[in-house]
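Please read the points below alongside the sequence and the model. They are set out as a colleague's note for someone who is new to this structure.

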Amino acid sequence: FLNPGEHPIKGLKREIKEEVEADIVVEKFYDFEISESLYEQGKYVLSIYFFARLISEPHPGDETNKIQYFAKDDIPWENIAGPDDKKILEKLFKINH
């Protein structure tokens, strides 16, 4: 989540640093999704997606248990946290589940 007044790209870099202790270069905007909040009924979340490139090695941070990479055909769809994340990955890979 963004902090009040925080630019989305700055927030993305901060979140990546917090979650996986890595640095990124944001390449370009990809898409966005709007969905009802999973935490607060009647509120909505705007999820913004970018293409980015890691420029340092990721490591699990305080909020992350482990880091795994998956081939497109091996994505564990049932374990994806949010509906927007699943939707955007399906769009990116042009598949339906």
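1. Tyr44 counts as exposed because its relative accessibility is 60%, where exposed means over 50% relative accessible area, buried means under 20%, and partly exposed lies in between (1.4 Å probe, protein chains only). Tyr44 sits in strand β2; helices (H or I, at least four residues) and strands (E, at least two) are DSSP runs, numbered from the N terminus. This is a predicted model, in which local features need pLDDT of at least 70 and side-chain atom pairs count only at pLDDT 80 or more, while totals for chains, interfaces and linings use all residues. Residues are numbered from 1 along each chain as its sequence is written, and side-chain values use heavy atoms, with hydrogens and water left out.

2. Tyr44 also belongs to a nonpolar surface patch together with Phe29, Phe32, Ile34, Leu46 and Ile48, and the accessible area of these residues together is about 640 Å². Patches are made of residues with over 30% relative accessible area and no salt bridge, with like charges joined within 9 Å and nonpolar side chains (Val, Leu, Ile, Met, Phe, Trp, Tyr) within 5 Å; accessible areas come from the Shrake-Rupley method with a 1.4 Å probe, and for residues only the protein chains shown count as cover. Strands β1 (24-36) and β2 (44-54) each supply at least two residues of the nonpolar patch.

3. Which residues does Val25, in strand β1, touch once those up to four places away in sequence are set aside? They are Phe51, Ala52, Arg53 and Ile55, contact meaning heavy atoms within 4.5 Å. The C-alpha atoms of Val25 and Arg53 are 5.2 Å apart, although 28 residues separate the two in sequence. With a relative accessible area of 29%, Val25 is partly exposed.

4. Arg53 also forms a salt bridge with Glu27 (2.9 Å, N to O), a salt bridge being a side-chain nitrogen of Lys or Arg within 4 Å of a carboxyl oxygen of Asp or Glu. This pair links distant parts of the chain, since Arg53 is in strand β2 and Glu27 in strand β1, 26 residues apart. Arg53 counts as partly exposed at 43% relative accessibility, and Glu27 likewise counts as partly exposed at 45%.

5. The structure holds eight salt bridges, and one network of them links Glu6, Arg14, Glu15 and Glu18. Within this network, the closest N and O atoms of Glu18 and Arg14 are 3.1 Å apart; because these two residues are four apart in helix α1, they are separated by about one helical turn. Glu6, in the segment before α1, makes a side-chain polar contact with Arg14 at 2.8 Å; a polar contact is a pair of N or O atoms within 3.5 Å, where within protein one must be able to donate a hydrogen and the other to accept it, and residues adjacent in sequence count only if both atoms are side-chain atoms. Glu6 counts as buried at 14% relative accessibility, and Arg14 is buried as well, as are Gly11 and Val20 in α1.

6. The end C-alpha atoms of α1 are 18 Å apart, which agrees with the 18 Å that its 13 residues should span at 1.5 Å a residue, the expected span being 1.5 Å times one less than the number of residues. After α1 comes Glu21, in the loop between α1 (8-20) and β1. Although Glu21 is not a glycine, its phi is positive, about 50 degrees.
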